[in-house]
Amino acid sequence: MQLLVIQRILGILLMLFSVAMLPPMLVSIIYADGSLAPFLYAFAVSLITGILFWLPVKSRKQDLRLRDGFIIVVLFWSVLGLFGALPFALADQPSLSVMDAIFESVSGLTTTGATVLTSIDTLPKAILFYRQQLQWLGGMGIIVLAIAIMPMLGIGGMQLYRAESPGPVKDTKLTPRITETAKALWYIYLTLTLVCATAYWVAGMNLFDAISHSFSTIAIGGYSTHDASMGYFIDKPLIELVAIIFMLLSGVNFSLHFTAWRHRSIAGYFYDSEFKAYLIILLVVGVITTVYLDFKGVFDSTGQTIITSIFQTVSIGTTTGFTTHQYHLWPGFLPVLLLFTSFIGGCAGSTAGGMKVIRFVMLLKQGRREVLRVIHPNASIPIKLGGKPVSNRILDAVWGFFAAYVALFSIMLLLLMLDGLDQITAFSAVAACMNNLGPGLGEVGFNYAALSDSAKAILSFAMLLGRLEIFTLLVLFTPAFWRN
Amino acid sequence: MRISLIQKIMGLFLILYSVTLIPPIYISLLYQDGELVHFLLSIGLTLLAGMVLWLPVRNFRTNIQNRDGFIIVAMFWVVLGLLSALPFLFGTHLSITDAFFESVSAFTTTGATIFTGLDTLPQSILFYRQQLQWFGGMGVIVLAIAILPMLGIGGMQLYRAETPGPFKDEKIAPRITHCARSFWLIYTVMTLACAAAYWLAGMSLFDALAHSLSTISTGGFSTHDASLAYFNSPAIELIAVVFMILGGTNFGIHYYVLLRGRPLMYWRDIEVRIYLILIGLFSLLVAAELFRTHYHNDFISALRFSLFQTVSVITTTGYVTEDFSSWPDFTPSLLFLVSFIGGCAGSTAGGIKVIRFIIMFKQSGRDLTELVHPAMEKPIKIAGRVLPERIIDAVWGYFSLYVASFAAIMLLLMADGMDQVTAFSSVATSINNFGPGLGEVTANFKSITTESKWVLAFAMLLGRLEIFTLLVIFTPSFWRK
C-alpha cells in the first residue's frame, strides 16, 4: 500500500472535482435563481480539501500497483459521492438532510437515477443542472473504470477484455494505459453527448432541457429535470425516439464505438457476440411487453403501445430509468419482468449497470455446457466467445460474480425488510439500486423520499456495490487484501 | 434408448407400487371410513396398468445405461405422481388437477396441500397422504445417493466414489439394489424410532405413525389443519426437530454412524457440520428478532418456535407450530431464503443443498484472494481432497439454472395473475420441496388457478429431480444418437 501516493491522487481528484461546481454557478447566474451560494461553498470546500491532501505529498510519484488500484477506485466513488452531496446539503431549496443529500449525490455519480427529490419542476435551475451533470461526470468515470481499470484488476471475468481494449498499451502499469484510453473514450462520450443534445433540441426540447437530458441519457443515469421524467414530453414522440436511440448507443461497449470510429465502419458491431445478444434480449423483452400491454388494452392506440413498450424496455434494460409512463403500475408480471431485465443490464464497457450482457452470455453458454456434459460425460466442450475459447479462470470469475450478486442482493433485501419495508418495495429498491437503474416498484415507484435514513444508507451502499462490480468493494473487506 | 426396457421397468414399478395401497385399505377396514372401494379401485387400476406394460416385454433383459436412467427417473416421478392421484380422485372428489397436485406434492415430499378441513377427512385418506410422502422419501434417498452421483447431476459426482459399499462400477442396477437395502433399513428404523417417540410423548398411535412417515421423509404433511401446532407440546416439537434434522442429514453419513459405529462422522463431515451450524445460527437470529420485536416476550419461547421453524424450513419439511408468515418484518422472507439452502446432499431434504453452498462459498473466497494475488493458484479442497474443476463448474451451472428456473416460473405465475408475494413464495416452496407459502397460499393452495397448480407441480418435480435430470430430456441433443 502506498498511502501517500493514494493521498496525492485523491487530492488531485478533489481539486479537479471542485471545477465541476463552476458550470452550475454559471447556470445560477444566467437564470438568477438565487442558488449561487451553495455551489460557491462547495467549490471552496472541495478545492481547499483537495489542496490540503495534495500539498504535503505533491512530489510523491510512484507507479501504482494493483492494490492501490482497488483503493483508489473505491475512494474515488465514495469520496466524490460525499463531496458531491455538499450543494444539496447546503442549498435552501431543496432542503435536504445530510443522508438525503448523500443518497442523491451517490445516485447521481453511480448513474443510478434514484431520487429523493419531489416537485423537481420547481427547483432552482442550477440544482437541476448540477444533478444532471453529476450523472454525466459519473458516466465518464465509469467508462474509464469499465474499459481500463476493471480488466486490469480482473473483476468478475473482465480480464476477458484485457488484451482487447483499444490503444497500444498492454503493459501492466496502470497510469499510462488509463490516460491513453481515457482520452480516446472521452472524445466519443463527449461527441455522443453533443449529438444527443442537438437531437433533443431539434426534436423540440428547450436548450436547457436538451443539454440536461443528454447528460443523463449518455450516462445511462435517468435523472430528469421534470417530475414526470420523459413523460413530460409525451406530446412530442420524436423525443422518445431520440432517447431510445441514444440509450441504446450508450449501453454498447465503448470499445466498439472506438473501433467503429477509427475504422469508419460499423461492421465491428455485428461481429461482436455481446452486442448481438444485447439487441436480441431487448427485442424479446420489448415484444413480450408490447404484446401483453396490447392484450390487456392499457393504451388506446397500438402505436402508443409500441413506442411506450420499446421506450420502457430500453430504458430499464439499459438501466437508464427514464419513464414515460408509470410502468410500476402496469399489469401482471410486466414490472417484475422489466426489473429482472435490468439485472442483465447493458454491455460491459458501457455506462450501463446490471450484471452485463457478456456475463449473462457466458452464464448461458456454461449452463448449456453443463447440460451437454450430463448427456456426454466424457466430452470436452470448450466455451467460445467470438470464436476464441475462454479460459477457465474467467469463467470461474463470472460464476463467482453471479453468486456474489445474488447473495448480496438477498442480504440487502433482508436488511431493508428488517427496516420495515414490505417485500415488494424492498425487492425492487435493492434491484433498482444495485443495477443502477433508479425507479423501483411499490413505495419507491416514484421516489425514495419516504424511506428511513438507514434504508437510504443501505441503498447508497448498494449503488456503489453495483457500480464497482461488487468485487472491487468487497475485496477491501478481506484480510488477504491488507496482509503484506 | 430402449423403449422396451423402460416399459418393463415402469411396469414393474407399478406392480410393486400397487402393493403400497394395502396399508390404507387396512386402515379403512379398521376405522370403517367408507374409503375401501376407492382404494380397491385404485389398486386394481394400478395393477392392471402395470401388467399391461410389463407382460409384453417381461423377457427383455439388458443393462440400463445413463440415458435410460434419465428417462426412468423422470417417468418414475411423473407416472407414480399421476397414478397415486387416483384415491384422491375417487375418494375425496378432487378435480384431476387438484388430485395430481396433491399427489405430486406428497411424492416429492413437498407438503403443499389442496385440502382444507384435514381433521374431518377419512382416516385412510389421511394415512395414504402420509404414506405417499414416506415412499417419496425412499425414492429420494435412492435418487440422491445412488442415481444422481451416477448421472453426474450438479456436481453430485463428488459422491460417486465416496458412497459406502463395494459399488464403484458404472452399472446402475447393482448399485441401486445395494443402496436400497442398507439405506432403506436405516430409513425404516429411524421412522419406527420416531413413531415410538411421538407415541410416548403423547400422540395417539395413528398420529404418531402418520407423523413419523412425514417427518423422516421431510415431507411435512400432517393429519391436522393446524399441523404440529395441534399438539402444543414442547416434547413432541423437540422429537420432530431431532428427526427432521436426521432426515435432512446425508444418509451416507448415517450409514457410517449407525452401521459402522463411527458417531464422530456427524461432526467430521464438513457438510453435516455446516448444516448444524447453520441451524444454530438461523434459529438464534430468528429468536432474537422475535424477542426484540416483542412477538414473544420471553426468550425461551421465542427460541422454541424459532428453532422448530428454522429446522422445518432448512430441512424443507414444512411443519408449522406457529403461523410464521405473520412473524415480524424480515423473518418470513429470511426463512424462505433459508429453504433455498436446504438440507444435506443424500438426504430427503430439498433445496440447493448445503454442500453446494460450501463449494460456492469456497470458490468465491478463492476468487477474492486471486484478485489480490493474481498469480496464485489455490485449489479448492473438500475434506482434504482437491476438488476437480469439473465438479465446481457443475455446481455453478446448477446454481444458475436453479435461479433462472425460479425467475422464469415466478414470471409465469405472475402472468397468470398471481401477486408478487404469493408468486415468490409459492415458487420457492415448490422448487425447494418445502410446503407452506406466503400471501394467498399461506395455509393451502386450493384457491390458485388450475394453470398455476400445474406449473407448481412441475416446479416440485424440477426441484426434486435436481433440475438437470428433468431439463436434459427437453434438449435436442439428448435424443440425438
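This is a short tour of a predicted model, stop by stop, with something to select at each one.

**Stop 1: the core**

Begin with the largest nonpolar core, a set of 301 residues. Select Leu416(A), Val430(A) and Val427(B), which have the most contacts inside this core. Now add helix α7 of chain A, residues 125-153: this helix gives the core its largest share, 19 residues.

Stay with Val427(B) for a moment. Which residues is Val427(B) in contact with, leaving aside its neighbours within four places in sequence? Select Phe406(B), Ile409(B), Met410(B) and Leu413(B), then add Ala459(B), and you have them.

**Stop 2: two helices in chain B, α16 and α17**

Next, select residues 354-372 of chain B for helix α16, and residues 389-415 of chain B for helix α17. Their axes are 10 Å apart, and the helices pack at an angle of about 110°. Angles of 65 to 115 degrees count as roughly perpendicular, and α16(B) and α17(B) are therefore described that way.

To see where they meet, show the side chains of Arg356(B), Ile359(B), Met360(B) and Gln363(B) on α16(B). Facing them in α17(B) are Ile392(B), Val395(B), Tyr398(B) and Phe399(B). Sorted by class, this contact has six nonpolar residues, one polar and one charged.

**Stop 3: α2 and α3 in chain B**

Move to residues 22-31 of chain B, which form helix α2, and residues 36-54 of chain B, which form helix α3. Here the axes come within 9 Å and cross at roughly 165°. That angle makes α2(B) roughly antiparallel to α3(B). The crossing of α2(B) past α3(B) is left-handed.

Which residues of α2(B) meet α3(B)? Pick Pro24(B), Ile25(B), Ser28(B) and Leu29(B); their partners in α3(B) are Leu36(B), Phe39(B) and Leu40(B). Six of the residues in this contact are nonpolar, one is polar and none is charged.

**Stop 4: α1 and α4 in chain B**

Now select helix α1, residues 3-19 of chain B, together with helix α4, residues 66-83 of chain B. The two axes cross at roughly 35° and come within 10 Å. Is the crossing of α1(B) past α4(B) left-handed or right-handed? This one is right-handed.

Among the α1(B) residues in the contact are Leu5(B), Ile9(B), Phe13(B) and Tyr17(B). On the α4(B) side, try a selection including Asp68(B), Ile72(B), Phe76(B) and Leu83(B). By class, the contact between α1(B) and α4(B) divides into 14 nonpolar residues, no polar ones and one charged.

**Stop 5: backbone details in the loops**

Finish with the backbone. Most residues other than glycine have a negative phi, and most peptide bonds are trans.

Zoom in on Pro94(A), in the loop between α5 (86-90) and α6 (98-109) of chain A. The peptide bond that leads from Gln93(A) to Pro94(A) is cis, with omega near 0°.

Next comes Glu469(A), in the loop between α19 (453-467) and α20 (471-474) of chain A. Glu469(A) is not a glycine, yet its phi is positive, at about 50°. Is Glu469(A) buried or exposed? Glu469(A) is buried, because 26 other C-beta atoms lie within 10 Å.

Your last selection is Ile467(B), in the loop between α19 (450-464) and α20 (468-471) of chain B. Phi of Ile467(B) is also positive, near 55°. Ile467(B) counts as buried, with 24 C-beta neighbours inside 10 Å.

Methods:
Residues numbered from 1 in each chain as written. Chains lettered and ligands numbered in written order. Predicted model: local features only at pLDDT ≥ 70, side-chain atom pairs only at ≥ 80, totals over all residues. Core = buried A, V, L, I, M, F, W, Y, C linked by C-beta atoms within 7 Å. Buried ≥ 20, exposed ≤ 12 C-beta atoms within 10 Å, placed from the backbone. Helix = DSSP H or I, 4+ residues; strand = E, 2+ residues; numbered from the N terminus. Contact = placed C-beta atoms within 7 Å. Axes fitted to C-alpha atoms, helices over the stretch in contact; angles between N-to-C directions. Parallel < 35°, antiparallel > 145°, perpendicular 65-115°, else oblique. Nonpolar A, V, L, I, M, F, W, Y, C, P; charged D, E, K, R; others polar. Left-handed = near helix turned anticlockwise from the far one by under 90°.
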